Each structure stands twice: as C-alpha cells, then as structure tokens.
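I opened the notebook to record what I looked up in this structure, entry by entry. The notes follow the order in which I turned to each part.

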Amino acid sequence: MKIISIETKKVELKLLRPFTVSLGVIKALPSLLIKMETEDGYIGYGEASPISFVTGETFESVEAAIKAMSTQLIGMDSSCIEKIHDTMNRMFRENNCAKTGIDIAIFDILAKRANLPLYKYLGGSKSSFEVDKTISIGTNEEMALDAKTIKEDGFNIVKVKLGLDPADDIERIRSIREAIGPEMKIRIDANQGWNKVDAIRVINALEKYNIQAIEQPLKYWDLEGHRIVKEKTMIPLMADESLFSPMDAIKIIKSNSFDIFNIKLMKCAGLHNAIKINSIGEAAGYECMVGCMLESNIGITAAASFIAGKTNVTFADIDSVLHIHKPEGITGGVEFKDGKAYLSEKPGLGIEVQW
Ligand code: MG
C-alpha cells in the first residue's frame with residue numbers, strides 16, 4: 001500500500017467574469033492538481049488552490065512544498081493518514097494548501113480502497129444538500145440583478161460580498177432584498193472589511209433584512225473585537241479568516257467571538273483537520289459551513305463529500321465551479337442542479353482526470 005509516485009499538473013482556472021471581494025479582485029488563478037499512485041494499483045487525485053491574501057501561499061510556493069514533501073512521502077504507507085500529516089507538519093509549519101493537495105489524494109485512495117464514495121467514507125450523513133451562490137461586489141443595481149438571476153436559476157440562498165464601504169453596504173442589501181423578495185436566504189461576507197464601530201452599526205441596520213449569518217466582519221486576528229461585535233448585535237457571526245486550525249477553533253470557542261465556523265480545506269490542511277474542527281465545533285454547539293477557494297471540481301468534490309459526510313455541517317458555500325470556465329480533462333464528481341449539490345456514488349471522489 002506504499003505510495004509509489006506523486007505527480008503535479010498546473011491548471012488555469014478562468015472566471016466567467018472578474019470577482020471582487022474586499023481583499024482584492026480575482027480574474028483567473030492557477031491551481032495545482034495532484035496525482036498519487038500506490039503499489040496496490042490505486043490512483044488518488046488532489047488539488048491545491050492557494051489565494052495568497054487568504055492563505056499566504058502562492059502557486060509557486062505550493063508547487064515547491066509538494067515537491068519537497070514528496071521526497072518524504074514516497075515509500076510511506078498510504079493508509080497511515082496520521083503519520084502522513086505528522087511527516088508534512090515536521091517539514092512545514094504552515095503551507096496548508098500544499099498539505100491539502102496531498103490530503104485529498106490520500107482520502108480519494110482510502111475511500112476507493114474501501115470501495116465507498118468519499119462522502120460515505122466520511123460518515124454519509126446525506127447525499128445531496130442546498131448550496132448558495134455568491135455575488136461579487138459591484139454597484140447596487142448590478143448586485144440586485146445578480147441576486148435576481150441567482151434566484152431564477154433555482155437557488156434558495158445567496159451569499160453577498162460586502163466590506164468596501166459601510167454606508168454602501170446597507171444600501172446594497174436593501175436593494176438585493178427588494179429584488180429577491182422576503183423568502184430567499186441571504187448570507188453576508190465582509191472579508192475583514194469593517195472596523196468594530198462600523199460593524200456594529202451595519203449589522204444592526206441589516207437585522208430587518210433577515211440575514212442568516214455574517215462572515216468575518218473584522219481583521220482575522222481580532223477575536224476580542226469580534227466578541228464585542230457579537231455581544232452588541234443579533235445576526236450570527238461566522239469565523240472564516242480567523243479560523244485555520246483546530247487550535248484556532250478552540251481559541252474562538254474560549255473567546256466567545258463567533259457563532260459558526262467556516263471550514264475550508266485549503267485553510268486547514270485538508271480533510272484530516274476539517275474532521276477535527278467540525279468535531280470541536282459540534283461538541284461546543286457551533287454549526288459549520290464549508291467554503292472554498294477558486295477550485296476545480298476535484299477540491300470542490302472533496303469539500304462536498306465532507307459536507308455530505310457530516311451532520312453538523314449545515315451550510316455549503318462551494319460554488320467556485322459555477323463561476324469558472326470548466327477546465328478540460330476533469331470529469332465526474334459532485335454535480336449541481338437547481339441550487340443543490342448531488343454526490344456521486346462512485347468510489348472515492350468519483351473523478352477521472354486526463355493526465
Ligand atoms: Mg469568507
């Protein structure tokens with residue numbers, strides 16, 4: 001069951017149109033695909049998709065880290081996920097995207113060897129679930145129109161990027177709520193764009209628009225600030241940039257700074273730690289969302305399998321594949337229809353890659 005080879009391949013993910021968040025504008029990003037082979041004949045696929053202003057990694061740093069880790073991982077038993085993560089952690093303190101690429105490939109192999117789709121290997125809580133679609137920052141009119149289109153496409157949840165200007169942000173949500181009516185759910189992501197006072201003012205003003213949750217109002221390091229905002233507002237706060245590791249999850253719980261966790265595989269070094277964060281959250285009464293970076297259907301299917309695997313993961317924000325030109329040569333995996341994600345019943349990720 002030894003790992004006998006680890007290969008990588010670059011794929012360019014191009015957005016259908018530029019995407020603006022409070023931290024920057026994204027038009028296209030390269031993603032690194034991983035192909036791992038074991039001596040008993042299994043092939044596992046993984047993906048590492050860094051966004052430097054979130055994860056601190058670049059495509060080049062991820063590529064270099066995977067190359068370096070491969071020298072240690074080749075020859076190791078692919079069944080020993082704990083030992084594999086120990087080995088990666090001894091080599092690199094952070095580099096979580098790179099570790100995620102390896103982690104997904106291993107889980108693909110483990111589930112294939114068990115002859116189970118990955119979502120059942122991870123617990124099999126459900127085989128389909130509701131997903132949101134995200135609106136990039138634009139003018140009020142553009143954002144309201146986008147929200148309407150998303151509703152017409154069959155989605156029941158829209159996620160709205162805010163955080164550039166507090167006064168405009170309230171207006172944006174007013175126009176969006178007016179455009180989509182009272183029923184559809186709205187999630188907000190401020191991507192660290194507000195200060196404490198603005199956050200309290202904006203969140204209280206937004207309460208009448210029936211908002212499901214607000215992600216990351218303040219800077220990632222400011223847990224005390226989030227605690228104060230949480231104390232003075234009523235919309236649940238979700239930790240994204242403040243939450244990378246299981247240890248961060250404990251710090252958030254201890255500081256009472258958020259209500260919900262946003263787990264992303266690329267932030268936490270993959271499924272191995274995602275399982276830990278979700279378990280910590282579940283035991284402390286924190287529901288989880290699973291989000292994504294700009295990823296192909298390999299990373300997205302791993303994320304979808306985790307969401308489907310776990311009962312405590314009740315929010316899904318994995319729409320990156322709906323915003324990009326589908327890269328050639330990647331088939332199978334999770335499918336999206338009418339605002340829902342449907343898992344494949346094939347073993348592992350259920351994905352084929354033309355290599
Ligand atoms: Mg976020």
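Entry 1, the metal site. I began with Asp-240, which is buried because its relative accessible area is 1%, and I noted at once that the model I was reading is a predicted one. I then looked up what surrounds the magnesium ion, and found it coordinated by Asp-189 (OD), Glu-215 (OE) and Asp-240 (OD), at 2.1 to 2.2 Å. Along the chain these donors follow the spacing D-x25-E-x24-D. Glu-215 belongs to strand S8 (residues 211-215), while Asp-240 sits in the loop between strand S9 (237-239) and helix H10 (246-255), so this pair ties together parts that are 25 residues apart in sequence. I also checked the accessibility of Glu-215, which at 2% counts as buried, the cut-off being under 20% relative accessible area.

Entry 2, positive phi values. I went through the backbone with the expectation that most residues other than glycine have a negative phi. Gln-192 departs from this with a phi near 70°, and its place is in the loop between strand S7 (185-189) and helix H8 (196-206). Asp-338 likewise is not a glycine and has a positive phi, of about 50°; I located Asp-338 in the loop between strand S14 (335-337) and strand S15 (340-342). Are these two residues buried or exposed? Gln-192 counts as buried, at 8% relative accessibility, whereas Asp-338 is exposed, with a relative accessible area of 52%.

Entry 3, domains and core. The domain assignment of the protein chain gives domain 1 (3-115) and domain 2 (119-353), and I noted that their C-alpha centres lie 22 Å apart. The contact between them takes 39 residues from domain 1 and 44 residues from domain 2. I next looked up the largest nonpolar core, which has 109 residues, and in which Ile-66, Ile-102 and Phe-129 are those with the most contacts. Helix H4 (residues 96-113) gives the most to this core, with 10 residues. Where does the core lie with respect to the two domains? Domain 1 and domain 2 both give residues to the core, and therefore it lies between them. Apart from this core I found another, of 5 residues, among them Ala-213, Met-238, Ile-260 and Met-289.

Entry 4, Phe-129. Leaving aside its neighbours within four places in sequence, I listed the contacts of Phe-129, which include Ala-304, Ile-307 and Ala-308, and also Ala-316, Ile-318, Gly-339, Lys-340, Ala-341 and Leu-343.

Entry 5, helix H13 and Asn-297. I checked the length of helix H13 (residues 297-309): at 1.5 Å a residue its 13 residues should span 18 Å, and the end C-alpha atoms are 17 Å apart, which agrees. The helix is mostly covered, as 13 of its 13 residues are buried. I then turned to Asn-297, which is found in helix H13 and counts as buried at 14% relative accessibility. A polar atom of the Asn-297 side chain lies 3.0 Å from the backbone oxygen of Gly-332, and I found the backbone oxygen of Val-334 at 3.2 Å from a polar atom of that side chain. With neighbours within four places in sequence left aside, Asn-297 is in contact with Val-321, Gly-332, Gly-333, Val-334 and Ile-351.

Key
Residues are numbered from 1 along each chain as its sequence is written. This is a predicted model: local features need pLDDT of at least 70, side-chain atom pairs count only at pLDDT 80 or more; totals for chains, interfaces and linings use all residues. Side-chain values use heavy atoms; hydrogens and water are left out. Helices (H or I, at least four residues) and strands (E, at least two) are DSSP runs, numbered from the N terminus. The expected span of a helix is 1.5 Å times one less than its number of residues. Buried means under 20% relative accessible area, exposed over 50%, partly exposed in between (1.4 Å probe, protein chains only). Donors are N, O and S atoms within 2.8 Å of the metal (3.2 Å for Na, K and Ca); water is not among the atoms, so sites may look incomplete. A nonpolar core is a set of buried Ala, Val, Leu, Ile, Met, Phe, Trp, Tyr and Cys residues joined through side-chain atoms within 4.5 Å. Domain bounds come from an automatic or database domain assignment. Contact means heavy atoms within 4.5 Å. A polar contact is a pair of N or O atoms within 3.5 Å; within protein, one must be able to donate a hydrogen and the other to accept it, and residues adjacent in sequence count only if both atoms are side-chain atoms.
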